[in-house]
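Student: I'd like a close look at one loop in this model, please. Could you start from a single side chain there, then work outwards to what surrounds the loop and the rest of the fold?

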Amino acid sequence: PNAGVVPLSANRDVVGPIARNVTDAALCLDVLVGFSAEDPKTLASVGHIPSAGYAANLSKDGLAGKRIGLYGPGWRDQPLSDETVALYARAKSELEAAGAVLVEDPFAGTQIGSPVRTRQARTEFASLREPTAPTPNFDGRGLESVAYDLGAYLKRLGPDAALKTFAEFAAATRSEDAFAPGGVLAFLPSLPDFREAMKDPTKPPKLPAFIAAKAAYLSIFNSVFGQHKLDALVFPQMREELPGLHSGETIQETTVGELNIAGLPAVTVPAGYYASGAPFELIFLGKLWSEKSLISQTYAYEQASQHR
């Protein structure tokens with residue numbers, strides 16, 4: 001109970017509260033945030049944490065005048081199911097009724113690079129996503145550090161831990177063979193940087209592909225937010241309803257790799273149900289350090305819609 005969170009990737013995974021409503025999630029975040037000497041990366045948060053906390057001054061007017069970017073092929077060239085389109089249309093009308101200004105597919109036509117100035121092919125935002133084989137949808141870049149991150153976690157547990165190194169962990173879980181075909185992390189060997197990292201799991205990997213993807217995502221994201229004066233993006237969290245448990249079907253989300261690689265904050269909030277009873281949720285995404293604004297907006301949507 002005192003060991004914290006078991007990592008999969010220190011480059012992508014972060015701790016975030018899951019709560020019964022937006023206010024409770026904000027209160028949990030107030031407890032979690034701040035610098036911790038055991039996690040030097042938290043130093044980056046200094047100066048970005050609201051002095052009164054994330055749960056202070058929440059208002060039903062939190063969406064008034066906010067400019068909201070909507071899901072479209074400019075973000076990801078994967079359509080929504082018919083039922084998701086209908087539920088999203090209702091959510092959009094609720095956002096507008098709460099005072100938001102909606103911006104259709106703000107990522108349409110976005111580009112980095114110029115064939116004239118840099119002799120590089122133009123790259124649109126949606127094409128930055130690279131599903132990692134054999135997964136049909138998941139972009140695993142940044143997870144190459146799993147062995148190093150797990151080793152650092154085990155080291156932190158102290159001399160009485162049952163497993164102290166990644167090598168010991170690998171030996172203890174050999175029957176699972178997570179990285180082999182059919183294993184839970186079978187996609188990782190498809191990443192060249194993973195193969196390089198595994199040569200010595202005691203050293204932090206360089207991750208050039210992940211760093212390049214992160215830079216490209218942030219460059220376009222910040223540019224689009226500036227160009228359209230956006231306060232947030234609001235998408236259906238899923239492109240279609242969740243598949244059945246143990247069905248083997250892929251979870252069809254609208255964003256995981258993009259926000260994980262870029263390191264962007266996001267808040268999800270209930271927005272109704274599919275006919276099957278599966279939950280329909282919205283995900284609010286914003287620029288780095290925009291958690292306070294996102295919480296304010298999701299609170300306003302929650303209070304206006306009362307879907308949960």
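**A loop residue and its surroundings**

Tutor: Leaving aside residues up to four places away in sequence, Ile49 touches Val33, Gly34 and Tyr54. Bear in mind that this is a predicted model. Ile49 itself is found in the loop between α1 and β1. Is Ile49 buried, partly exposed or exposed? Its relative accessibility is 32%, so Ile49 counts as partly exposed. For a feel of the loop's span, take Ser36: it is 13 residues from Ile49 in sequence, and the two C-alpha atoms are 14 Å apart in space.

Now stay in that loop and look at Glu38. Its side chain meets that of Arg156 in a salt bridge, with 3.0 Å from N to O. Glu38 belongs to the loop between α1 (22-32) and β1, while Arg156 sits in helix α3 (residues 146-156), so this pair ties together parts that are 118 residues apart in sequence. The two ends are not equally open to solvent: Glu38 counts as exposed because its relative accessibility is 58%, whereas Arg156, at 40%, counts as partly exposed.

That covers the loop's own contacts, so let's see what flanks it. On one side there's α1, and its axis comes within 9 Å of that of α8, with a crossing of roughly 160°. That angle is over 145°, so α1 is roughly antiparallel to α8. The crossing of these two helices is left-handed. On the α1 side, the contact is made by Val22, Thr23, Ala26 and Leu29; α8 brings Glu291, Ile295, Thr298, Tyr299 and Glu302.

On the loop's other side is β1, which takes you into the sheet. Five strands make up this open sheet, in the order β2-β1-β3-β5-β4, and the pairing is mixed. At the edges are β2 (101-103) and β4 (266-273), each of which pairs on one side only. On average, neighbouring strands are turned by 30° against each other, direction ignored. If you zoom in on β1 (residues 67-70), you'll find it running parallel to β2, with three bridges joining the two. One bridge partnership to look up is that of Ile68, whose partner in β2 is Leu102.

What packs on this sheet? Helix α6 (residues 208-228) does, touching β1, β2, β3 (232-236) and β5 (279-285), and its direction makes about 110° with that of β3. Then α8 comes back into the story: this helix (residues 291-305) lies across β1, β3, β4 and β5, running at about 10° to β4. So β1 is touched by both α6 and α8, and α8 is also the helix that α1 crosses.

Just past β1, charge pairing turns up again. Arg76 and Glu258 meet through their side chains in a salt bridge, 2.9 Å from N to O. Arg76 is in the loop between β1 and α2 (82-97) and Glu258 in helix α7 (residues 257-262), so here the parts tied together are 182 residues apart in sequence. Both residues are buried, unlike Glu38, which counts as exposed. For a pair elsewhere in the chain, try Asp200 and Lys203, whose closest N and O atoms are 4.0 Å apart in their salt bridge. Asp200 is partly exposed, with a relative accessible area of 27%, and Lys203 is exposed at 52%. Going back to Arg76, salt bridges that share partners join it with Glu253 and Glu258 into one network. How many salt bridges are there in the whole structure? A search finds eight.

Before you leave, check a few backbone spots. The peptide bond from Ala133 to Pro134 is cis, with omega near 5°, and Pro134 lies in the loop between β2 and α3. The other two spots flank α8. Trp289, in the loop between β5 and α8, has a positive phi of about 70° although it isn't a glycine. Trp289 has a relative accessible area of 37%, so it is partly exposed. Gln306, in the segment after α8, is another non-glycine residue with a positive phi, near 55°.

Key. Residues numbered from 1 in each chain as written. Predicted model: local features only at pLDDT ≥ 70, side-chain atom pairs only at ≥ 80, totals over all residues. Heavy atoms only, no water. Pairing = 2+ DSSP bridges. Helix = DSSP H or I, 4+ residues; strand = E, 2+ residues; numbered from the N terminus. Axes fitted to C-alpha atoms, helices over the stretch in contact; angles between N-to-C directions. Contact = heavy atoms within 4.5 Å. Buried < 20%, exposed > 50% of the residue type's maximum accessible area, 1.4 Å probe, protein only. Parallel < 35°, antiparallel > 145°, perpendicular 65-115°, else oblique. Left-handed = near helix turned anticlockwise from the far one by under 90°.
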